[in-house]
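Welcome! Take a look at the structure below, and then we can talk through how its features get their labels.

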Amino acid sequence: METGAAPIPAALPYFVAFSQLLGLTVVAVTGAWLGLYRGGVAWESALQFNVHPLCMVIGLVFLQGDALLVYRVFRNEAKRTTKVLHGLLHVFALVIALVGLVAVFDYHKKKGYADLYSLHSWCGILVFVLYFVQGRLQ
Ligand code: HEM
C-alpha cells in the first residue's frame, strides 16, 4: 500500500548518531583545548583570538553540518517544518561564524598584525565566499 512516506535507510539512525557524537566531540575537544591550554575565551586581551577557533568549529563545522542533515533525518516531516529548521540552523551557524571571523580580524587589528597573510586565511575567505554563493544559488 502506498503511504507516501519515503523509506528510511536502515543504517541512517546509526550514521546520524555517529555524526552527532563526532560533532559534539570536536566541539568539546576544541573547548577543552582552549579552556585548559590557552586560558579560555574573552573578547578582550589575547583571549579574543580563542573565540575564532571555537566559533568556527561550532558554526561552520557542527551547526552547518546539522543544517545539511535536516532534510535527510526528518525526511517524512512537513517540508515547511524542515525548511524552517534548516534555515534556523544556517542562521545560527552564520551568526556564530561571523562572530569568530570578527574576533580574529579585531584581534589582529588591536595587536597591529597584518591580515590575510596565510594560506589558511585565504582558504577561510574562500569558504565564506562559497557559502554565500551556495546560498544565492538555492
Ligand atoms: C571554517 C573554519 C575557519 C575559517 C573560515 C577561518 C577563517 C580565517 C580567516 C579569514 C583568517 C584571517 C584573519 C585575518 O587575516 O585577520 C583566519 C586566521 C586565523 N585562523 Fe582561522 N578559520 C577557521 C578555523 C580556524 C581554526 C579551527 C583555527 C585553529 C584551530 C584557526 C586558526 C587561525 C589562526 C591561528 C589565524 C591567524 C593566522 C592566519 O591568518 O593564518 N582557524 N581564519
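**How the labels are earned**

Q: What makes α4 count as lying largely in the open?
A: A residue is buried if 20 or more other C-beta atoms lie within 10 Å of its own. Of the 19 residues of α4, the number that are buried is zero, so α4 lies largely in the open. Keep in mind that this is a predicted model.

Q: How do you know what span to expect of α4 at 1.5 Å a residue?
A: The expected span is 1.5 Å times one less than the number of residues. For α4, with 19 residues, that gives 27 Å, and its first and last C-alpha atoms are 27 Å apart, close to what is expected.

Q: Which residues are closest to the ligand, and which helices help surround it?
A: The ligand has 18 residues around it, the closest being M56, D115, S118, S121 and G124. At least two residues of this shell come from each of α2 (48–73), α3 (79–111) and α4 (119–137). By type, the shell holds eleven nonpolar residues, six polar and one charged.

Q: What makes I96 and C55 a contact?
A: Two residues are in contact if their C-beta atoms lie within 7 Å. Leaving aside neighbours within four places in sequence, I96 meets this with C55, I58, G59 and L63.

Q: Which members of the largest nonpolar core touch the most others?
A: They are L54, C55, I58, I96 and A97, out of 16 residues in that core. Both α2 and α3 supply at least two residues to this core, and α2 gives the most, with nine.

Technical notes. Residues numbered from 1 in each chain as written. Predicted model: local features only at pLDDT ≥ 70, side-chain atom pairs only at ≥ 80, totals over all residues. Near = placed C-beta within 6 Å. Helix = DSSP H or I, 4+ residues; strand = E, 2+ residues; numbered from the N terminus. Nonpolar A, V, L, I, M, F, W, Y, C, P; charged D, E, K, R; others polar. Core = buried A, V, L, I, M, F, W, Y, C linked by C-beta atoms within 7 Å. Buried ≥ 20, exposed ≤ 12 C-beta atoms within 10 Å, placed from the backbone.
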